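I opened this entry to record what I looked up about helix packing, strand pairing and aromatic contacts. The notes follow the order in which I consulted each topic.

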Amino acid sequence: MKIQVLGPLSAEVNGDSIVPTARKPRQILTLLALYPGRVMPVPTLMEEIWGTEPPQSALTTLQTYILQLRRRLGTAMGPAAPGGPAGAKDVLATRHGGYLLRIPPQAVDVHAYESLVASGHDRHEHGDDAGAAASLRAALALWQGPALVDVRLGPVLEIEVMRLEESRLATVERRIDADLRLGRHTELIAELTDLTARHPQHEGLHAQAMVALYRSGRQARALDVYRRLRGRLVEDLGVEPSPQLQRLHQAMLAVDPALDVPAGPRRGTTFDLYAV
């Protein structure tokens, strides 16, 4: 089985899709797929589908949805040969208090993504910037669009999607930091211009854009990035930029030589270059 949630929902067995067209069974399949090998409690599944006010028939209806998913799974699996794959009931299994998908975590793209992200972080901490950038880039390449873009989100999945999208943005930021350390500042300008436009109050991305522009000999534009961000923060939120971003700005005004060193103190991301 191969399942993708980093974009439109996809689940295939032997090349055949097992994704149901009905909205609620799709939610159940998605929630089970996010935690392969782990029992998903019935109350959690009910909360995802019906919120805090499930109908009296909720348990029976949930069981019907599980049967529908098993039927699609069994059809895709085909007749079980002696010694061959287990039946659909063994893959989408019932356990006390809930259900689980008995599949390897790596069969779901989000777990492959998280494994690559962990590898990237580990390489970053050990000074392997090229390896970190490669691992994080491979992790981000698994995304095919916004997470679960074609699945209705109940209260449980909504939290999961928020977590995934936050992780994605943090991974982008960490990958850019590795690329900056490798001296790829000029190559990053177009990407960072797009990212700062889509995240107009994200200080970390703006700090990276400032550094990339500064190292590319475009000091005036780097300072303009700061000016525009400060204007938005003051006008929209009534706050000044963070102290570390202000220090980065002052360093650029003073032409601080430390800004020209791609491999500065290893303190996380470029945003933290002037953190105390």
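**Helix packing**

I looked up the crossing first and found that H7 passes H9 in a left-handed manner. The model I examined is a predicted one. I noted that helix H7 (residues 155–181) and helix H9 (residues 203–215) pack at an angle of about 20°, and that their axes are 11 Å apart. Angles under 35 degrees count as roughly parallel, and H7 and H9 are therefore roughly parallel to each other.

I then listed the residues in this contact. From H7 they are Leu169, Glu173, Ile176, Asp177 and Leu180; these meet Gly204, Leu205, Gln208, Val211, Ala212 and Arg215 in H9. By class, I recorded 6 nonpolar, 2 polar and 3 charged residues in the contact of H7 with H9.

**Strand pairing**

I turned next to the sheet, which is open, has 3 strands in the order E1-E2-E3 and shows antiparallel pairing. Its edge strands are E1 (2–4) and E3 (16–17), each of which pairs on one side only. Between E1 and strand E2 (residues 10–13) I found antiparallel pairing over 3 bridges. I also noted that glutamine 4 stands opposite serine 10 in E2.

**Aromatic contacts**

How many aromatic pairs does the count come to? I obtained 1 aromatic pair. Tyrosine 113 and tryptophan 143 form this edge-to-face pair, at 5.7 Å centre to centre and with 85° between the planes. I recorded that the pair links distant parts of the chain, 30 residues apart: tyrosine 113 lies in helix H5 (residues 109–125), and tryptophan 143 lies in the loop between helix H6 (129–140) and H7.

Technical notes. Residues are numbered from 1 along each chain as its sequence is written. This is a predicted model: local features need pLDDT of at least 70, side-chain atom pairs count only at pLDDT 80 or more; totals for chains, interfaces and linings use all residues. Side-chain values use heavy atoms; hydrogens and water are left out. Axes are lines fitted to C-alpha atoms, for helices over the stretch in contact, and angles run from 0 to 180 degrees between N-to-C directions. Helices (H or I, at least four residues) and strands (E, at least two) are DSSP runs, numbered from the N terminus. Angles under 35 degrees count as roughly parallel, over 145 as roughly antiparallel, 65 to 115 as roughly perpendicular and the rest as oblique. A crossing is left-handed if the near helix is turned anticlockwise from the far one by less than a right angle, and right-handed if clockwise. Contact means heavy atoms within 4.5 Å. Ala, Val, Leu, Ile, Met, Phe, Trp, Tyr, Cys and Pro count as nonpolar, Asp, Glu, Lys and Arg as charged, and the others, Gly among them, as polar. Two strands pair if DSSP finds at least two bridges between them. Rings of Phe, Tyr and Trp (its six-membered ring) pair if their centres lie within 6.5 Å; planes under 30 degrees apart count as stacked, over 60 as edge-to-face and the rest as tilted.
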